[in-house]
Amino acid sequence: DWGSAWISGGKRRSDGYRDGTDFDENRAYAHATLPIRGGQLSMDAGVQDKVFGARDFYAPFPSREWTTAQSGSVTFRNGIFGNGTLAVRGYGLRHRDRFVLIAADPAVYDNRHRSLLAGTEAFVRLPVAGGDLAVGGEWVHEGIHSNNLGNRSRLRGSLFGEYGRALGARWRLLSGMRIDHHEDYGWEASPSLSASRSLGTGRIFLSAARSYRAPSFTETWYSDPNNVGNEDLGAERAWQFEAGSSMAIVGTRLDGALFMRRESDLIDYVRPVGQPPWQAENLGAMETIGLRLRARRHWRHVRTAAGFTWVDKEQTLRSGLESKYVFTHPVQQLTASLGHGLPLGATADWQFVARNRLGALDDYRILDLNISIPVHVGSVLLRVRNLTNERYEAVVGVPMPGRWFGLETRVDL
C-alpha cells in the first residue's frame, strides 16, 4: 500500500450584483496519505487568491480588497496500547491582505497586513474503565505585521480531556475539561457535561458547557474611518445549557431542543444611532433563550426538511446606541428544503428561508434553487439565488443581491 493522493482546483468570477461587488477567486488544494511505521501520515496544503469589491461592506465607500491565503498541515496517527490511538498534528496558515477604502484613490486609506498562525497539537485516545478517554494539548503562535495594527504577536496553549461511557443499556455520559492559557488574557477553564438516554428509535439529551473567546487583533487594534478597535477589550465568556430529543415517528425524523446561553463581556461594534464610526466594546452580561425544531423525511426520490428557530436575546444596549452584529440576529427563522430528481439523471434542490429580525433590519424571505446535471466528464450546476428578488440587508448599510444566476462546472480527471 503506497497510500493515496488527490488534488483539486477551482475558479469563481462574477461582475457582482451591483457596482463595486465583483470578485475573482482562484483556489487549489492537495491531499496525500502515506503508511509509515505502522501508522498513517496525512499531508494537506491549500492556496486561495482573491480580489473583490467591498463596496459598503466595511464602510460606506467603494472599497476594494486583495487577499492571499496559504495553509498546510501534517498529521501522524498510530495505534498504541492495543485499542488506543495517538495523533500528532502540526499546521500553519499564512494570510496577506490589502484593503483600500476608495478603489479609485488608494492614497486616502491603504491598509496592508501579513498574518501567520502556526501551531501543533497532540492527543491520545484510550479505552479506560469501560469508557473512552481522550487527553491532549495544543500550542499556537499568532502574529501580524500591519501598517494599521502594528507588529503584534501572542502565544496561547491549552490542555484538554474528555471521558465518555455507557451506563447500562440506555444511558451515556460525556464529560470534558479544557484549560487555556493566553499570553494577554491569562487562564481560563471550560468544563462540559452531557447525558443522553435512548428511547426506542430516538433519544433525549441534556448538556451544559462553558466557553470563552479572546478578542482578535482586528477587534483590539484595527482602525479606519468607519470601524475603531479597542485595546481595553476583555475576553468573552459564556455558559450554554441545552435539553432536547430526537425520534422517528411514522417515517419522519423529528428533532427539538430548548437552549439558554448566559454571556458576559460579549464583543460587538456599537455607535450612536446613524453616527459613525463603529466602536468595539464589551457589552456586559446578557441572557439568550431559544427553541430549535427540525423535521426530515425521505421518500424514494424525494427529500424534504423543515426547521424553525426562535431566539429571545436580552437587550443590553444603552439608549441611543445601535449594534452592528449581536442584535441583528433573527428572532424567528423558518427553513424548508425539497430535493427531487429530474429527467436525464439531473437533480433539483429548493431552499427557502424566512427571517424575522430585530432593530433597523427588515424581515425577508428568500427562495434558492440548485439544478445539477451530470455530464460525461463531471457535472454542470445551475444556481438561482433569491428567486423572488427580495431586497434586504444582512448587516446595517449593506444591501444583499437581488435575483442572480450562477453556472458552475466540475471536471473529473
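This report covers the aromatic pairs, the charges over rings and one four-stranded sheet in a predicted model.

**Aromatic pairs**

Six aromatic pairs turn up in a search of the whole structure. One of them is Trp239 with Phe241: the ring centres are 6.1 Å apart and the planes meet at 10 degrees, so this pair is stacked. Both partners have some access to the surface. Trp239 is partly exposed at 35% relative accessibility, and Phe241 is partly exposed at 31%.

Tyr269 and Tyr325 make up an edge-to-face pair, with 6.4 Å from centre to centre and 80 degrees between the planes. This pair links distant parts of the chain, since its members are 56 residues apart: Tyr269 belongs to strand S15 (residues 267–272), while Tyr325 lies in the loop between strand S19 (321–323) and strand S20 (330–341). Tyr269 is buried, with a relative accessibility of 10%, which is under the 20% cut-off. Tyr325 is partly exposed, at 43% relative accessible area.

**Charges over rings**

The ring of Tyr269 also has a charge over it, from the end of Lys324, 5.8 Å from the ring centre. Elsewhere, the charged end of Arg154 is placed over the ring of Phe217, at 4.3 Å from the centre of that ring.

**The sheet around S15**

Strand S15, which holds Tyr269, is part of an open sheet of four strands with mixed pairing, in the order S12-S16-S15-S19. Strand S12 (227–228) and S19 are the edge strands, each pairing on one side only. Strands of a sheet pair through backbone hydrogen bonds, in either a parallel or an antiparallel sense. The pairings in this sheet are listed below.

| Strands | Sense | Bridges | Residues opposite each other |
|---|---|---|---|
| S12 and S16 | parallel | two | Val228 and Gln279 |
| S15 and S16 | antiparallel | four | Val270 and Gln279 |
| S15 and S19 | antiparallel | three | Arg271 and Glu322 |

Gln279 of S16 thus stands opposite Val228 and opposite Val270. Strand S16 itself spans residues 278–282.

S15 and S16 form a hairpin with five residues between the strands, and in this hairpin Gly274 has a positive phi near 75 degrees. Five of the six residues of S15 are buried, so the strand is largely enclosed by the rest of the structure. On its other pairing, S15 meets the edge strand S19, where Glu322 is the bridge partner of Arg271.

How values were computed: Residues are numbered from 1 along each chain as its sequence is written. This is a predicted model: local features need pLDDT of at least 70, side-chain atom pairs count only at pLDDT 80 or more; totals for chains, interfaces and linings use all residues. Side-chain values use heavy atoms; hydrogens and water are left out. Rings of Phe, Tyr and Trp (its six-membered ring) pair if their centres lie within 6.5 Å; planes under 30 degrees apart count as stacked, over 60 as edge-to-face and the rest as tilted. Buried means under 20% relative accessible area, exposed over 50%, partly exposed in between (1.4 Å probe, protein chains only). A charge sits over a ring if NZ of Lys or CZ of Arg is within 6 Å of the ring centre and within 35 degrees of the ring normal. Two strands pair if DSSP finds at least two bridges between them.
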